[in-house]
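Student: Could you take a close look at a single part of this fold for me, one strand and whatever pairs with it? After that, I'd like to hear how the rest of what you can see fits around that part.

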Amino acid sequence: MCGAILAKISRPKKRAKTITFSKNAVISKRGGKLCLLIRVANLRKSLLIGSHIYGKLLKTTITPEGETIILDQTNINFVVDAGNENLFFISPLTIYHIIDHNSPFFHMAAETLSQQDFELVVFLDGTVESTSATCQVRTSYVPEEVLWGYRFVPIVSKTKEGKYRVDFHNFGKTVEVETPHCAMCLYNEKDARARMKRGYDNPNFVLSEVDETDDTQM
């Protein structure tokens, strides 16, 4: 009976309410790459074990055969600097998705983002430390909630006493930063710079020596 009462009180749904996501997603450069970033925080002192975060992009697509697929699902990989498995929620984390050639956001631009029709659903799975019950938290973002050219304000600071402090007033705040208006432009710029450094050999180029003679008559 005690076990049944404890399991009833410590329901995973209540634990899931203590995980919060940022209201907006942002797109900016991180580590020299264009990324889509989201902030997530655990509001309880107890940890989630084996946390895993991932996303699904829902949008209407047309196949090469002309078939229209409503709410087609595309996997979106989110990572932190330590990976996307077993997230350590001692402080709010900023997770990011790298917009590369394989990303569905690669062909989007700052000018056309608001004209897109999609919904990005983000999932966080974990196990409650006290009861070993699994729980899942979900949130979603539509184009109007994705800010291109912004980044999140720093939220963790260190006091003079050497203690770390988290300011949740800045949890969802963003600041505008210089960002390429599309991922394709960023990678084309990188390729151009790499080519300039490498240079190219022209096999058809022939160096011919020319004798300089002074034909000017005084």
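Tutor: Sure. A word on terms before we start: two strands pair if DSSP finds at least two bridges between them. Keep in mind too that this is a predicted model.

Let's take strand E3, residues 33-42. Is E3 enclosed or open? Nine of its ten residues are buried, so the rest of the structure largely encloses this strand. One residue to look at is cysteine 35, which is buried with a relative accessible area of 1%.

Now for the partners of E3. With strand E6 (residues 93-98), E3 pairs in the antiparallel sense, and six bridges hold that pairing. If you want a spot to centre your view on, try isoleucine 38, which stands opposite isoleucine 95 in E6.

Strand E2 (residues 25-30) also runs antiparallel to E3, and five bridges join the two. Here lysine 29 stands opposite leucine 34 in E3. E2 and E3 make a hairpin with two residues between the strands, and glycine 31 takes a positive phi near 65° in that hairpin.

Then there's strand E1 (residues 19-21), which pairs with E3 over three bridges, again in the antiparallel sense. Threonine 20 is the residue to find, since it stands opposite alanine 41 in E3.

There's another hairpin to put beside that one. Strand E4 (residues 48-62) and E5 run antiparallel, with seven bridges joining them. Isoleucine 62 has threonine 68 in E5 as its bridge partner. Five residues separate E4 and E5 in this hairpin, and glycine 66 in the turn has a positive phi of about 95°.

While you're there, have a look at leucine 71, which lies in E5 (residues 68-76). Phi of leucine 71 is near 55°, a positive value in a residue other than glycine. Most residues other than glycine have a negative phi. Leucine 71 is also exposed, at a relative accessible area of 56%.

Past E6, follow the chain to the aromatics. The structure holds three aromatic pairs. One of them is phenylalanine 105 with phenylalanine 118: the ring centres are 5.7 Å apart and the planes sit at 85°, so this pair is edge-to-face. Phenylalanine 105 lies in the loop between E6 and strand E7 (118-128), while phenylalanine 118 is in E7, so the contact ties together parts 13 residues apart in sequence. Phenylalanine 105 is buried, with a relative accessible area of 2%, and phenylalanine 118 is buried too, with 4%.

Last stop, the cysteines. The structure holds one disulfide, and it joins cysteine 182 to cysteine 185 with an S to S distance of 2.4 Å. The torsion about that S-S bond is about 85°, so the disulfide is right-handed. Cysteine 182 is buried, with a relative accessible area of 9%, whereas cysteine 185 is partly exposed at 31%. Also worth a glance is cysteine 135, buried with a relative accessible area of 9%.

Key
Residues are numbered from 1 along each chain as its sequence is written. This is a predicted model: local features need pLDDT of at least 70, side-chain atom pairs count only at pLDDT 80 or more; totals for chains, interfaces and linings use all residues. Side-chain values use heavy atoms; hydrogens and water are left out. Helices (H or I, at least four residues) and strands (E, at least two) are DSSP runs, numbered from the N terminus. Buried means under 20% relative accessible area, exposed over 50%, partly exposed in between (1.4 Å probe, protein chains only). A disulfide is a pair of cysteine sulfur atoms within 2.5 Å. Rings of Phe, Tyr and Trp (its six-membered ring) pair if their centres lie within 6.5 Å; planes under 30 degrees apart count as stacked, over 60 as edge-to-face and the rest as tilted.
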